Structure formats: C-alpha cells, structure tokens
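The exercises below are meant to be worked with the sequence and the coordinates side by side. Each one sets a task and then follows the solution step by step.

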Amino acid sequence: MPSLPTPGIDRRLFLTSLLGVTAAAAGLSGCAESSAADAAEGASTAPLAAKVPAGTSLKIASYQGTQQLQFKLAELGDPPFKVGGWLNIGAGPDVINAFRSGSLDLANNAGIPPIQAYYQGFDAKVVAINITRRPNYLFATKPGSDIRSVVDFKGRKLAFSQGQAQGVVLLRALKKAGLKYDEVELVPLTSNQFLTALQSGQVDIAPLGNTQAPAYLAQYEAKGARTITTDVVDLLNLLWAPVSVLNDPAKAAAVAAYIPYWAKGQVWTYENPDIWNEEFYVKTQNLTLAQAKSISDLANKPLFPPSWDEAIKWEQETADLLAEGGFVKKFDVGTLFDHRFEGIAAKSVPAQYRR
C-alpha cells in the first residue's frame with residue numbers, strides 16, 4: 001500500500017494522480033486553476049426560465065437507486081422533464097469523471113468534491129444545499145487494533161480520500177485533536193477501497209459512513225475491530241452541476257425543477273424511517289431491521305437554508321484546511337455557488353426544514 005511521498009516529491013500531484021485525475025501535472029499547479037477561473041467568468045447569470053422546455057433531459061446521479069426510490073415512496077410523481085438516466089454514482093472522483101465525459105448532468109455530494117473539481121480545472125456549480133448538523137461518518141479500526149481515540153491516530157496509517165467528504169472529516173478530526181499531518185501516515189485511497197484496506201490491515205483507520213458501520217462491525221467486531229465517534233460534521237449535502245449544463249437555459253430550468261423533488265424526498269425519508277428502513281436498507285442493502293434502525297436513529301434532520309452564507313463560510317474553511325496541508329491552493333470558494341438557485345430548496349419544504 002503506497003504511503004505519502006518524501007518531502008522532495010510534490011504531495012499534491014501524488015495524491016491527485018492516485019485519485020484518477022486526468023489533467024497533466026503542470027496543469028494542476030497553474031493552468032487548471034486559471035482555466036476554472038476563466039470558465040467561472042463565463043458562467044451564465046441569465047434568469048431561470050419559469051417552465052422547462054419540452055424535450056429537455058437530464059442525466060442524474062442516484063447512488064444505490066436512492067433518488068428513484070424516495071420519489072416513488074413519497075409519491076412525488078415524475079419531474080417535468082425527461083430523466084435520460086439514473087447513474088449509480090456516488091463518490092466525488094467518479095462524479096467528476098462522469099461530469100467531464102458528459103455522461104452526467106447533476107449529482108448529490110458533500111462539500112469537498114466541488115473544491116476538488118475546481119482544483120482540477122473543471123468548472124461546476126452548487127445549486128442546492130442541505131445542512132448537516134450531526135456526524136455522518138465515524139472512524140473504524142482494523143481488526144485487532146488498540147486504537148480507542150483520535151489521539152491514538154498518531155503514527156498510524158489512515159485511509160485518506162482527498163476528493164471526498166471522508167477526507168475532510170479526517171483532516172478536521174486531526175486538527176481538533178492537535179495532530180499534524182506529518183504525525184500520521186495518510187494513505188491515499190478512494191472511499192470504495194476503505195473496507196478492503198481495513199479488512200486486510202493495510203490501514204489502521206478509515207472513515208466510514210454511518211450506513212456502512214453496522215455491517216462492518218457485524219463481521220469484524222468479534223475480531224477486535226471497533227468504531228470511534230467524534231462530533232466532527234461534514235456540513236454540506238449538496239446538488240451540483242457542470243457550468244456547461246447550467247449555461248444551457250433548458251437544462252438549467254430542469255435543474256431548478258428537480259431541486260424541490262430532491263428536497264421533498266429527503267424530508268419524506270426523515271419523516272418515514274420505518275418504511276425507508278424496510279424498503280431501502282432491508283430490501284436493497286440486505287441489512288437487518290435492527291441494523292437499519294441503528295442507521296436511521298443517527299439520521300440528520302434535513303435543513304435547507306434560504307441563505308447560503310453559512311455554507312459558503314464552511315466551504316471556505318474546508319478549502320483553507322486543504323490548502324494548509326498542501327493539497328490545493330487557496331482560492332475564493334464563492335465562485336463555486338450559482339446563486340440563481342439559492343432558496344429554491346427552502347421554499348419547497350415546510351418551515352421546520354428551513355434553517
């Protein structure tokens with residue numbers, strides 16, 4: 001399993017190459033950022049159309065089929081446009097690659113993938129935000145580990161995904177514990193490699209989603225694996241899309257029309273945990289009802305802010321944290337938000353879900 005390079009090697013280029021970045025190394029340090037800035041200048045500010053033109057189509061990410069299932073169970077009906085495909089894509093690096101190839105128009109991710117996309121020279125914008133107040137991730141140890149707190153991460157191998165929410169949760173946890181990056185060994189992986197790395201003992205710690213932890217513990221807790229919880233949150237659950245999509249008036253109108261479906265689907269899931277546990281976790285993820293309940297008990301109440309000020313501040317702190325570690329260069333994250341869509345999600349849900 002590779003570890004971080006020696007100080008003589010550019011760590012940023014090492015990490016991004018392992019995450020499947022296709023841009024040339026030189027482009028990452030200068031041209032990529034200038035191209036993203038140039039594209040941002042060309043982002044449309046035209047008012048959104050009130051109606052989606054006939055024949056408009058969007059290709060939308062739906063990891064593990066969650067979006068279609070939510071809409072079906074909530075009886076939301078069909079959106080006023082054609083869905084050209086529901087793509088089973090969730091990880092930030094995979095979403096960025098799909099955006100680049102033109103095979104995906106709209107995705108649901110955390111706050112860090114838009115930062116990573118910008119750094120890679122690909123311009124995309126945030127169009128909707130759900131604020132997360134409770135942790136969605138915890139840290140899992142390999143079997144037989146003696147690690148019991150974040151302070152114990154010192155000198156250990158930690159699974160690290162620079163372009164995903166798990167990465168920033170890890171960095172924030174290290175900072176809060178007073179650990180410097182050179183006091184641990186960050187092993188660059190993507191989140192779909194974390195479980196295998198834990199199981200094989202290639203890493204000591206990996207951040208797992210609340211949905212993953214029950215199954216992992218069921219298999220390995222008897223062999224000495226455990227989980228470590230913290231109060232570190234990944235604040236943003238968002239929708240985002242390439243600027244090329246948002247500059248198309250018809251597709252931009254379709255994105256605006258989709259946002260209320262996305263928001264209402266999350267509200268329905270939060271209000272109907274028993275149905276969701278059975279229909280999603282048990283029937284599609286093969287978890288027991290008890291495991292499903294342990295996940296839904298940790299679920300965040302959806303909160304769709306009418307103003308994005310808090311989200312932008314948090315996103316800037318995240319980008320600055322990555323810059324401190326040498327993973328990206330500092331930049332103004334305000335360029336990542338398309339304010340034409342601000343408030344659409346909040347207006348589509350009851351008052352108790354606006355924050």
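A residue is called buried here when its relative accessible area is under 20%, exposed when that area is over 50%, and partly exposed in between. The model to which this is applied is a predicted one.

**Exercise 1. Describe the protein chain as a whole before turning to its parts.**

Solution. Begin with the secondary structure, which comes to 14 helices and 10 strands. Next, take the burial of the chain: of its 355 residues, 54% are buried. The accessible surface is about 14900 Å², and carbon and sulfur atoms account for 52% of that surface. Finally, consider the contacts between residues at least 6 apart in sequence, among which 81% join residues at least 24 apart.

**Exercise 2. Determine whether the end-to-end distance of helix α6 agrees with its number of residues, and how far the helix is covered.**

Solution. Helix α6 covers residues 165–176, and at 1.5 Å a residue its 12 residues should span 16 Å, where the expected span is 1.5 Å times one less than the number of residues. The end C-alpha atoms of α6 lie 17 Å apart, which agrees with that expectation.

For the second part, apply the burial cut-off: 10 of the 12 residues of α6 are buried, so the helix is largely enclosed by the rest of the structure. The buried residues are Ala165, Gln166, Gly167, Val168, Val169, Leu170, Leu171, Arg172, Ala173 and Leu174. Just after α6, Gly178 takes a positive phi of about 80°.

**Exercise 3. Place α6 between the strands that flank it, and state the handedness of the unit.**

Solution. Strand β6 (residues 157–160) and strand β7 (residues 185–188) run parallel and are joined by four bridges. One such pairing sets Ala159 against its bridge partner Val187 in β7. Together, β6, α6 and β7 make a β-α-β unit that is right-handed.

Continuing along the chain, Thr190 is in the loop between β7 and α7 (194–200). Thr190 counts as buried because its relative accessibility is 18%, and its side chain makes a polar contact of 2.6 Å with the side chain of Asn192.

**Exercise 4. Repeat the span calculation for helix α10 and examine the start of that helix.**

Solution. The 23 residues of α10 (residues 249–271) should span 33 Å at 1.5 Å a residue, and since the end C-alpha atoms are 34 Å apart, the two values agree. The helix is mostly covered, with 18 of its 23 residues buried. At its start, a side-chain oxygen of Asp248 comes within 3.0 Å of the backbone nitrogen of Ala250.

**Exercise 5. Find which strands pair with β10, and in which sense.**

Solution. Strand β10 (residues 236–242) is itself mostly covered, as seven of its seven residues are buried. Strand β3 (residues 107–110) is joined to β10 by four bridges in an antiparallel arrangement, and here Asn108 stands opposite Leu239. Strand β4 (residues 124–131) also pairs with β10 in the antiparallel sense, over seven bridges, with Asn237 of β10 as the bridge partner of Asn130.

**Exercise 6. Classify Gln67, Gln64 and Glu75 as buried, partly exposed or exposed, and locate each of them.**

Solution. Gln67 is in helix α3 (residues 66–73), and because its relative accessibility is 6%, Gln67 counts as buried. Leaving aside residues up to four places away in sequence, Gln67 touches Ala61, Ser62, Trp86, Asn108, Tyr258 and Trp262.

Gln64 belongs to the loop between β1 (57–61) and α3, and its relative accessibility of 34% makes it partly exposed. Its phi is near 60°, which is a positive value in a residue other than glycine.

Glu75 belongs to the loop between α3 and β2 (82–87). Its relative accessible area of 71% places Glu75 in the exposed class, and its phi, near 55°, is likewise positive in a residue other than glycine.

**Exercise 7. Locate Tyr118, classify it, and give its C-alpha distance to Val333.**

Solution. Tyr118 is in helix α5 (residues 112–119), and at 9% relative accessibility Tyr118 counts as buried. Although Tyr118 and Val333 are 215 residues apart along the chain, their C-alpha atoms are separated by 9.1 Å.

How values were computed
Residues numbered from 1 in each chain as written. Predicted model: local features only at pLDDT ≥ 70, side-chain atom pairs only at ≥ 80, totals over all residues. Heavy atoms only, no water. Helix = DSSP H or I, 4+ residues; strand = E, 2+ residues; numbered from the N terminus. Buried < 20%, exposed > 50% of the residue type's maximum accessible area, 1.4 Å probe, protein only. Polar contact = N/O pair within 3.5 Å; in protein donor to acceptor, adjacent residues only side chain to side chain. Contact = heavy atoms within 4.5 Å. Areas by Shrake-Rupley, 256 points an atom, 1.4 Å probe, with all protein chains shown as cover. Pairing = 2+ DSSP bridges. Right-handed = clockwise from strand over helix to strand, strands pointing away.
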